Amino acid sequence: MAFLHASASKVTSLKEKKSLLPYLLLAPGMIWLFTFFILPIVNLAQTSTQTPVKGGDTGQYEQTLRFSNYVDAFINNKEQFTRSFFYAFLATVLALAIAYPLAYGIAFKSGRWKNILLVLVIAPFFTSFLLRTIAWKQILGEEGPVIAALRGLNIISQQTTLTASAFAVVTGMTYNFLPFMTLPLYASLERIDPRTLEAAGDLYANAFTTFRKVTVPLSMPGVVAGTLLTFIPAAGDYINAAILGNPNTKMIGNVIESRFFKIVDYPTAAALSFTLMAAILILVTIYIRKAGTEELV
Amino acid sequence: MVDASSSTRGDLRIVSVTKSFGDFNAVDDLTLTIPEGSFFALLGPSGCGKTTTLRMIAGLEEPTAGTIHLGATDITNKRPYQRPINTVFQNYALFPHLSIYENIAFGLRRRGIKDVQEAVDKVLKLVELPHLAQRKPAQLSGGQQQRIALARAIVNRPALLLLDEPLGALDLKLRRQMQIELKWIQTEVGITFVHVTHDQEEAMTMADTIAVMNEGKVEQMGSPADLYDDPETAFVANFLGQSNLIQGIIEGTDGDALVVGVFGQKIKIMKSRSRAHDSLVLAGIRPEKIRIQKVGTQMSGNILTGGVIADVSYIGVSTQYQVEMPWKQELIVFEQNDDGVPPLEKGDQVVMSWEPIFTFALDGAEDARAGSEVNPVEA
């Protein structure tokens, strides 16, 4: 009997171990998320309603529940909010326009060059984001090829410059987020069964109609993923505006950065961060609902 | 855009068509006429060029040389969407993002046809799936998807319907049922069906004309019965059902018959059924035509003696024997289980006989094993 008991309990303990396994596997990720996401978010939320200590030094705040921080922060930075979303929108549209043909070409027309082209898409990641953005200063600068070409073709006047402008900021963002658009697009185009395209041709659709009625709808998951991966970081970006912009192209990321590090106005910076997050969340939710790609993924 | 209804109707004629991939000729100088309204099967092992032929008819591949005509129109250089031809693809290739209704309506909408609703409803009724109109393809079973793929093609009333291994993905029972249904639908709609398959049973059940293809060429073309009873080549004899092919030498004639010596024994073959070029022949006999008895039984017709049963497989309706002959060849015999006599046993000494009219003779220079090493069920 004792032996039977022992073996029975052994079985249950094995079962318990088995049921614990998923949690053990999840644990490292959960600990990571808790430490580096949940805790900072809570901390940020606390900071966002703090008020300056009366008679204290700059940067000294005490915990209150001053929710009007949000209202003040939003009202004072409406312009930068609008601009952030506008630039991010422009960059997303441009990136989509560039990435779609690129991804299409790699997925359907590249033959044995496919892998090399994919590596080239990712190649920019081997250099720092900062360095690549600074490089655009050179590309668009007075000595650069772009301005010479545009002036030569009389598209812009001899006085017009390209750097320190909204144009440069949007161009920089488009460039920097292009791989995030290209890769999901490529993945969903690649997944399309070429026989469905042949079937469309067989059913009286010419190449353009096939593209419009079959290729595009079937690549929608990639379009949605790509636009989100571009729009979300672009809306919060501050490097492009800082390096390629001027005081009139400031985005919300630049405001948050200067509030945190220059003015040491932590509550406003925190409130702005939260507002940005909420705004993006709402926009994204509406967008996904509208795109209606749930069934395709 | 395309007038699928009138002008381009008639027989499909493939004239001296070659398709090369590099220096490999997938289709080699193929000439073929498919009569309007027929159920035509292109039958052959994988790699024989049948699918390439189908794709050239559809316009999905361009012939390296030769022309394709539909009725009086040369369609060789027309794009797929300009041809009044529709295809049922091997994996169905339904549009996953569209409902069943929209899948079927796709071709009609492209051609700007009015009364889409009526046409779609009608064809859904024909394939007996009207209740699935609003589903997505992924929600359907394989058999249902197969019917929708068929509906999506025939709703356009094409001059020609191409079926690329349409039943390959279905299980055996469903396949049998669909074979009968496809044949019925073809009779119902009266469209020319061109059916590509490696499954000889499927081709024989449905088609009224079969072209057996091998290495980019047509080996033989004819009705299922013609091909089965009177194969012209060893490949056809072995690929379409099974055949016993025995080497022999023509030794003389006896009225309408040739007298052929096979390893010291003599059999008769009708002169009209001989394809031999000289005195060397392959004498062919189908396994189910042979009667098999224990040594000592009186028999008539062509008789072969000296066989020993090497293997017996009981398969319900019949028993299959492998009989080893003195010249080390194994012959196959099917015997109907209709006489209540227990089957013969392994090691039994037997005599075999058959009516001389069932024998066919192929050219003796042919490889007796051609077409038998390709397994027509898998391919």
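This passage walks through a predicted model of two chains, A and B, beginning with chain A, moving on to chain B, and ending with the contact between them.

Chain A is a good place to start. Its secondary structure comes to twelve helices and two strands. Followed along the sequence, the elements appear in the order α-β-β-α-α-α-α-α-α-α-α-α-α-α. The radius of gyration of chain A is 26 Å, well over the 19 Å that the globule rule gives for 297 residues, so chain A is more spread out than a compact globule. Along the principal axes, a box of roughly 95 × 80 × 35 Å holds the C-alpha atoms of chain A.

The domain assignment splits chain A into domain 1, covering residues 2-48, and domain 2, covering residues 68-291. Between the C-alpha centres of these two domains of chain A lies a distance of 39 Å. Where the domains touch, four residues of domain 1 of chain A are in contact with seven residues of domain 2 of chain A. On the domain 1 side of that contact in chain A, two residues are nonpolar, two are polar and none is charged.

Within chain A, a helix pair is worth a closer look. Helix 2 (residues 68-76) and helix 12 (residues 266-291) of chain A have axes that come within 9 Å and cross at roughly 80°. Because of that crossing angle, helix 2 of chain A counts as roughly perpendicular to helix 12 of chain A. From helix 2 of chain A, the contact draws on A:N69, A:Y70, A:A73 and A:F74, while helix 12 of chain A brings A:P267, A:T268, A:A271, A:L272 and A:T275. Sorted by class, the residues of this helix contact in chain A are six nonpolar and three polar, with no charged residue.

Turning to chain B, the domain assignment gives domain 1 (12-229) and domain 2 (242-363). Taken over C-alpha atoms, the centres of these two domains of chain B are 39 Å apart.

Several strand pairings can be traced in chain B. Strand 1 (residues 12-21) of chain B has two partners described here, strand 2 and strand 4. With strand 2 (residues 24-34) of chain B, strand 1 of chain B runs antiparallel and is joined by seven bridges; in this pairing B:K19 has B:V27 as its bridge partner. These two strands of chain B form a hairpin with two residues between them, and B:G22 in the turn has a positive phi of about 65°. With strand 4 (residues 65-70) of chain B, strand 1 of chain B pairs in the antiparallel sense over five bridges, and here B:V15 is matched with B:T67.

Further along chain B, strand 9 (residues 209-214) and strand 10 (residues 217-222) are also paired in the antiparallel sense, over five bridges. B:I210 finds its bridge partner in B:G222 of strand 10 of chain B. The hairpin made by these strands of chain B has two residues between the strands, and B:E215 takes a positive phi near 50°.

Finally, the two chains meet in a contact that takes 19 residues from chain B and 17 residues from chain A. On the chain B side, strand 6 (85-88) and helix 2 (100-110) of chain B each supply at least two residues. Helix 2 of chain B gives the most to this side, with three residues. In terms of class, the side of chain B that touches chain A has eleven nonpolar, five polar and three charged residues.

Notes
Residues are numbered from 1 along each chain as its sequence is written. Chains are lettered from A and ligands numbered from 1 in the order in which they are written. This is a predicted model: local features need pLDDT of at least 70, side-chain atom pairs count only at pLDDT 80 or more; totals for chains, interfaces and linings use all residues. Helices (H or I, at least four residues) and strands (E, at least two) are DSSP runs, numbered from the N terminus. Ala, Val, Leu, Ile, Met, Phe, Trp, Tyr, Cys and Pro count as nonpolar, Asp, Glu, Lys and Arg as charged, and the others, Gly among them, as polar. Domain bounds come from an automatic or database domain assignment. Two strands pair if DSSP finds at least two bridges between them. Axes are lines fitted to C-alpha atoms, for helices over the stretch in contact, and angles run from 0 to 180 degrees between N-to-C directions. Angles under 35 degrees count as roughly parallel, over 145 as roughly antiparallel, 65 to 115 as roughly perpendicular and the rest as oblique. The radius of gyration is taken over C-alpha atoms; the globule rule is 2.2 Å times the number of residues to the power 0.38.
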